[in-house]
Amino acid sequence: MSAEADETTPTEASTRLIEPLADPLADAPARRTFLGVAIAIILLFWIAQFTVLTGMLLLRTPDNALPFLLPRAMVSAAGLAISFGMLAVHSAARNASLLRRSLLAILLAVIGSSLHAVTNELVFADFVGSQFTWVEFLPTTLGNLWTYMSISVIVLSLMYARDLRERENRIAALRAVAQ
């Protein structure tokens with residue numbers, strides 16, 4: 001051991017152990033892991049949604065499947081972008097209480113579903129040659145609400161699990177310092 005290590009006081013040693021806990025980048029690998037899982041879930045969700053809807057249309061009306069492939073892909077891409085936006089908002093709200101984050105999850109689901117419905121109506125109206133109608137907006141919004149509620153709650157769960165993991169790591173480090 002060096003002479004410097006022998007001269008370290010217990011307070012200095014504790015400070016060195018606690019300093020990384022205050023560093024927001026200290027848990028960066030764990031955050032990247034949770035973020036990667038959230039991104040993968042969102043991507044898989046929208047790939048599955050596009051694939052299932054395309055398969056259903058092919059089975060029901062094979063002649064109409066190909067003309068609607070591009071608009072469905074555009075709406076799914078919009079859903080993917082909306083979902084990533086929801087992920088960003090959830091990440092930004094990580095310091096809020098669980099109750100506030102839960103209410104935010106519900107609000108994000110309603111907003112996401114509404115944005116998806118508007119996108120769906122505008123894209124398909126353009127391809128079919130019809131006009132956007134508010135009559136179709138409400139059923140489309142309600143139909144997509146479960147989708148966005150699912151995504152929002154999954155992301156909330158992942159973000160909360162990440163926060164719990166970070167807290168557990170801080171508690172373990174503080175216990176080590178206290179002993």
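**A helical chain explored from His90**

Leaving aside neighbours within four places in sequence, His90 is in contact with Arg101, Ala105, Leu108, Ser152, Val155, Leu156 and Met159. The model in which these contacts occur is a predicted one. His90 itself is found in helix α5. With a relative accessible area of 2%, His90 is buried, because residues under 20% are counted in that class.

The wider setting of this residue is entirely described by helices and the segments that join them. The chain has seven helices and zero strands, and its pattern along the sequence reads α-α-α-α-α-α-α. Of its 179 residues, 30% count as buried. The accessible surface of the chain comes to about 11,100 Å², and carbon and sulfur atoms hold 68% of that area. Among contacts in the chain with a separation of 6 or more, 74% join residues 24 or more positions apart.

Helix α5 deserves a fuller account. It covers residues 69-92, and its 24 residues reach 35 Å from the first C-alpha to the last, close to the 34 Å expected at 1.5 Å a residue. The buried residues of α5 are Pro71, Arg72, Val75, Ser76, Ala78, Gly79, Ile82, Ser83, Met86, Leu87 and His90.

How do α5 and α7 lie with respect to one another, and at what angle do their axes cross? In general, two packed helices are described by the angle between their axes and the distance between the axes. Here the axes of α5 and α7, the latter spanning residues 134-178, come within 10 Å and cross at roughly 35°. The crossing of α5 past α7 is right-handed. On the α5 side, the contact is made by Gly79, Ile82, Ser83, Met86, Leu87, His90 and Ser91; on the α7 side, by Tyr148, Ile151, Ser152, Val155, Leu156 and Met159. By residue class, this contact divides into eight nonpolar, five polar and no charged residues. His90 thus appears both among the buried residues of α5 and in the contact with α7.

Helix α7 also holds Asn144. At 16% relative accessibility, Asn144 counts as buried, because that value is under the 20% limit. Apart from neighbours within four places in sequence, Asn144 is in contact with Ser113, His116 and Ala117.

Attention now turns to helix α6, which comprises residues 98-128. At 1.5 Å a residue, its 31 residues should span 45 Å, and the end C-alpha atoms are 44 Å apart, so the two values agree. Just after α6, Gly129 takes a positive phi of about 90°. Phe124 lies in α6, and Gly129 is one of its contacts beyond four places in sequence, the others being Phe68, Pro71, Arg72 and Val75. Of these partners, Pro71, Arg72 and Val75 are listed among the buried residues of α5. Phe124 and Phe68 are separated by 56 residues in sequence, yet their C-alpha atoms are 8.3 Å apart in space.

A further long-range pairing involves helix α3, residues 28-60, in which Leu43 lies. Is Leu43 buried, exposed or partly exposed? At 35% relative accessibility, Leu43 counts as partly exposed, because this value falls between the 20% and 50% limits. Not counting residues up to four places away in sequence, Leu43 touches Leu80 and Phe84. Leu43 and Leu80 are 37 residues apart in sequence, while the distance between their C-alpha atoms is 7.0 Å.

How values were computed. Residues numbered from 1 in each chain as written. Predicted model: local features only at pLDDT ≥ 70, side-chain atom pairs only at ≥ 80, totals over all residues. Heavy atoms only, no water. Axes fitted to C-alpha atoms, helices over the stretch in contact; angles between N-to-C directions. Helix = DSSP H or I, 4+ residues; strand = E, 2+ residues; numbered from the N terminus. Left-handed = near helix turned anticlockwise from the far one by under 90°. Contact = heavy atoms within 4.5 Å. Nonpolar A, V, L, I, M, F, W, Y, C, P; charged D, E, K, R; others polar. Expected span 1.5 Å × (residues − 1). Buried < 20%, exposed > 50% of the residue type's maximum accessible area, 1.4 Å probe, protein only. Areas by Shrake-Rupley, 256 points an atom, 1.4 Å probe, with all protein chains shown as cover.
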